Every structure is written in structure tokens, then in C-alpha cells.
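User: I have a new model open and would love to talk through how its helices and sheets fit together. Could you take me through it step by step?

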Amino acid sequence: MTVNPALAYNTWARREAMAEAMIPLIGRLYRENNVITSVYGRSLINQSVIDILKAHRWARQIDDVELPVEETLPMLEALSRLRLGPASVDLARLSLRYKAQLADGEELTLEEFLREELAETVDRQGSDERTSTDVVLYGFGRIGRLLARIMIEHEGGGNGLRLRAIVVRKGSEQDLIKRASLLRRDSVHGPFNGTITVDPENNTLLANGTLIQMIYADNPAAVNYTAYGIDNALVVDNTGRWRDADGLAQHLQSPGVARVLLTAPGKGDLKNIVHGINHQQIADTDHIVSAASCTTNAITPVLKVLNDKYGIEHGHVETVHSFTNDQNLTDNFHKGDRRGRSAALNMVLTETGAAKAVAKALPELAGKLTGNSIRVPTPDVSMAILNLRLETEAAKDEVNAYLRDISLHSELHRQIDYIDSPEVVSTDFVGSRRAGIVDGLATISSGKNLVLYLWYDNEFGYSCQVVRVMEEMAGVHPPAFPST
């Protein structure tokens, strides 16, 4: 069949025009209603026309067909008329559910459907019951800077997590300028989506309207945050220097601090929280909590759903992990085994506590998993290989269909993603907001033996999980629609 070039271009131009019309609707919903719109978890906030069309195109990885802008533009127009309160709205999932109801013979207009689906937040514009929570980032390395980006992106109407300060040790007289440059430019995750203004006189950064105080300190107990107007704050310790309750409790000695979150596996009796699995265990009396590790966050949700359906007798977790700042760029002394050898030139066999750490979030798997890690010369995105012995037999197609359904329709859809493209490689998952992505084509099954391959952005995907834990600790997580 011959394709008409003029028709092809006119179709593209029409779709471009619809995407252009979506941008002010997305922006107003975000600024005026604190509504975050997305397509299968991929945020549409501050995106270009091409980015919006690419998000719609990407939906075919989930639904096998591209999400039509002809469906989402009217949906955004209807949402803008509902005077919504704060919410996280997935347009692709809503569209799928609406079409399913129409297919079942229900005669609902789009606006009637949306009023029913979003009933708890309809006509609640301006009535946000959440109170803003001051956040302090203690440390500003790879995870700290990504947390800053995500929080600035989610600032919305201000009733949520508010990044107020960053605490670091002063590195030079140009420290503030260098820190701003690292936030502005990232070799892996690209440029900051917005503008950053540096004020050396007041030692602040202004990022997309978020005013951030830079504080220099060597001692977590020595900062008076109230002097900067910060109170009842959540301190997120990104340094990894203190991993137990005694060390992290130093933060609580500083005026203005209420709670502490560690972005590393906690030691001792600290609760290790994997959002989606055990975040309900966070109590008001928990002043110090750990967000576990990137690998633990990647594998635990998938292990849970497999254990729920098939049972897991035992298994081994092998992680092929991008190198980290803890390794040496060139061969040099390192207190750890093998990590002194060049990270840029070698695969480095090392240990990981992720397999054992799973039991802290999922006690039913205690003693059932072993693990190792191979550090490889890539800067980001890792892979976990789950070699499992199940209690019941499971065919490859059955397991893949189950995990795909979980990624679409369960309460773990923010943690588990699924893909079955034969062409994807690690860089395709840079910026993924999921904890882990099942590569369905790589699944191997033989009777009760199952091997799964999970991709995960060990920086950004993990940071998204950390933010979800932060929102739970602060009680500011907006309701998500459609409900699962």
C-alpha cells in the first residue's frame, strides 16, 4: 500500500496541534489544582510537544497500541472543568478504564466517567488539607541531587514536600557555584528542567521558584535550622556515613528537626522501608527510617508477587550493577576487597546485602535468598537476575502475563514495570520512575525453576522510591487515580 506523504504530514501536524493544546491544560492543573498528570507514570509536567507525543507513543509498550492524543486532550479539557483538589492522574489508565466501561455497555459521557472515578477530589480545588513539610537534604551527591530535582518538579501548590535547605561540607570558596552547576548539569540524566539562580550573598539557590538555603556543617547535631525558618523538618541523609540509629539520631539534636530518612540500608533495628511493600509500617513514633537500597527496592516488589502466587522455596540474586562513587576511577588503594581496581576498566565482583535485606521488608523470605554483585563499567542502570526455585510450576508465558498485569492494574504499578521489546538496552531505562522493570523476553522457566531479569535505574528509580517514602512519612502523598 502506497503511503501519501501529504496525508502523513497532515496527520502529524494535527497531532502536534493537539499536544500544543494540552500544554496549558497540564500547566494549569498543576499550578492551580496541584494535579500531576502522567502517561503510565511518565510525568507530563513541563514537557515539550515532542515529549508529550513520545509519552503517548511509548504507551504501546504497555497496551500494544499508541495512546491517541484524540483521547487525552478531551480528557484534560474535562478534568480542567472539575475543580479538582490535589491528585496524581494517569491519563492512559483512565482512558483504558473508560473504554472498558463503554465496551461493557455503560452509557457514560467522558465527564460523567471522570466525576465518578475522581469523586473524592472533584470540587475540592483550594481545599488541600495537607500541610507542607520542610525537607533538608544532608549531603548532595548523586541521590541528593536527583531528590532535589524530583521535589522541585513536584512543588506544585506548595502543600507537600518543600525543599528548604541542603547541608554539605564546604569544598572551596566557589562551593555554591559548583553545587549549582552539578544540579544544573548531569552527565547521565541531562540538564535540569528549568532555571537556577545563584545568590552568593545569601548563600541560596533559586530553582524554578524554590528557594534553597545552602548550609555548611561538619556535624549533623550542630545546625540550628530554626534560624533559617525551618521547623519540624524531615532530614534526608544521603551521605551513607551513619547507618544505625545512634549515628542518625545526631540529626534529631539539631533544633528544627523532627524525623530522619536514610537513603541506604539501615543497620540494627531500623525499619528498612520499600515503598509499595511495607510503607504502612511507618508509625508516627518512627523518628528514623531507612529507605533500603536501590537493589532491594528493585527486587522486593517482584519477589513479593511471585511468592504470593507461586511460593518461593529459595533463590539467588545476582546484580549486574553500574559502578558507583565508592569505587576508584583508576587502580589505587581501597579498604574494600577488589574495589581499588579501576571501575572504568573492570568488571568487579563484590558482595551485596540486598538479598538478605529483602527479609527486612518481606519477612516471609528470610533465609531463602543469597546474593552477589558484579560492578560493571556503566554509569547508571543495573540489572538483577533472580534465579528462583518455586513451590509450584510456572510456565514462562503465564509468569510474564501475570507480571504484566501486576504492572498495569495492581497497587504495585508504581514499583513494577514490564517490557518485552527485543531491542532495549540499559540506557533505555535511564530516568525510569519504577523500582524495577521485568524484561519479559529474557524470562526462563523450566518446571519449578524460574529465572527473571529486572532492569532498574539505580539512581533515578531509587530516588523516586525515596520520595514516595518521604511523602508517607510527611503524610502528604496525593491520592492517585484511577484507583487500583
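**Helices, sheets and a few unusual residues**

Analyst: Gladly! Let's begin with a helix pair: H7 passes H13 in a right-handed crossing. Keep in mind as we go that this is a predicted model.

User: Which residues of H7 make the contact with H13?

Analyst: The two helices pack with their axes 9 Å apart. On the H13 side, the contact is made by Phe460, Tyr462, Ser463, Cys464, Val466, Val467 and Met470. On the H7 side, the residues are Ile143, Leu146, Leu147, Ile150 and Met151.

User: Why do residues three or four places apart point the same way in an α-helix?

Analyst: That comes from the repeat of the helix, and it is handy when reading contact lists. Residues at that spacing line up because an α-helix has a turn of 3.6 residues.

User: Are H7 and H13 parallel or oblique to each other?

Analyst: H7 and H13, the latter spanning residues 460-474, pack at an angle of about 60°. Angles under 35 degrees would count as roughly parallel, and 65 to 115 as roughly perpendicular. The pair therefore counts as oblique.

User: How many of the 12 residues of H7 are buried?

Analyst: H7 covers residues 142-153 and reaches 17 Å from its first C-alpha to its last, close to the 16 Å expected. Its buried residues include Gly144, Arg145, Arg149 and Glu153. The helix is largely enclosed by the rest of the structure, since the buried count is 11 of the 12.

User: What is the strand order of the open sheet of 8 strands?

Analyst: The pairing in this sheet is mixed. Its edge strands are S6 (196-199) and S11 (288-290), each pairing on one side only. The twist from one strand to the next averages 25°. Reading across, the order is S6-S7-S8-S5-S4-S9-S10-S11.

User: Which residue in S9 is the bridge partner of valine 135?

Analyst: Strand S4 (residues 133-138) pairs with strand S9 (residues 233-237) in the parallel sense, over 4 bridges. Across that pairing, valine 135 has as its partner in S9 leucine 234.

User: And what angle does H7 make with the direction of S4?

Analyst: H7 packs on this sheet, touching S4, S5 (161-168), S7 (204-207), S8 (210-216) and S9. Helix H8 (residues 175-184) packs on the sheet too, touching S5, S6, S7 and S8, with a direction about 175° from that of S6. For H7 and S4, the angle is about 160°.

User: Which residue in the turn between S6 and S7 has a positive phi?

Analyst: S6 and S7 pair in the antiparallel sense over 4 bridges, with threonine 197 partnered by leucine 206 in S7. The two strands form a hairpin with 4 residues between them. The turn residue with a positive phi, about 55°, is asparagine 203.

User: Which strands stand at the edges of the sheet of 4 strands?

Analyst: This open sheet runs in the order S2-S1-S3-S20, with mixed pairing. An edge strand has a single partner, so one side of it is left without a neighbour in the sheet. That description fits S2 (42-43) and S20 (480-481).

User: Which helix packs on that sheet, touching S1 and S3?

Analyst: S1 (residues 35-39) and S3 (residues 87-90) pair in the parallel sense over 4 bridges, and isoleucine 36 has serine 88 as its bridge partner in S3. The helix packed there spans residues 91-103, and its direction makes about 60° with that of S3. Its name is H5.

User: Is tyrosine 40 buried or exposed?

Analyst: Tyrosine 40 sits in the loop between S1 and S2, and its phi is near 50°, positive although the residue is not glycine. Its relative accessibility is 1%, and buried means under 20%. Tyrosine 40 therefore counts as buried.

User: Where is the place of asparagine 34?

Analyst: Asparagine 34 has a phi near 60°, again positive in a residue other than glycine. At 9% relative accessibility, asparagine 34 counts as buried. Its place is in the loop between H1 (5-33) and S1.

User: What is the peptide bond from phenylalanine 481 to proline 482?

Analyst: Proline 482 is found in the segment after S20. Omega for the bond from phenylalanine 481 is near 0°, and the bond is cis.

Terms used. Residues are numbered from 1 along each chain as its sequence is written. This is a predicted model: local features need pLDDT of at least 70, side-chain atom pairs count only at pLDDT 80 or more; totals for chains, interfaces and linings use all residues. Side-chain values use heavy atoms; hydrogens and water are left out. Two strands pair if DSSP finds at least two bridges between them. Contact means heavy atoms within 4.5 Å. Axes are lines fitted to C-alpha atoms, for helices over the stretch in contact, and angles run from 0 to 180 degrees between N-to-C directions. The expected span of a helix is 1.5 Å times one less than its number of residues. Buried means under 20% relative accessible area, exposed over 50%, partly exposed in between (1.4 Å probe, protein chains only). Angles under 35 degrees count as roughly parallel, over 145 as roughly antiparallel, 65 to 115 as roughly perpendicular and the rest as oblique. A crossing is left-handed if the near helix is turned anticlockwise from the far one by less than a right angle, and right-handed if clockwise.
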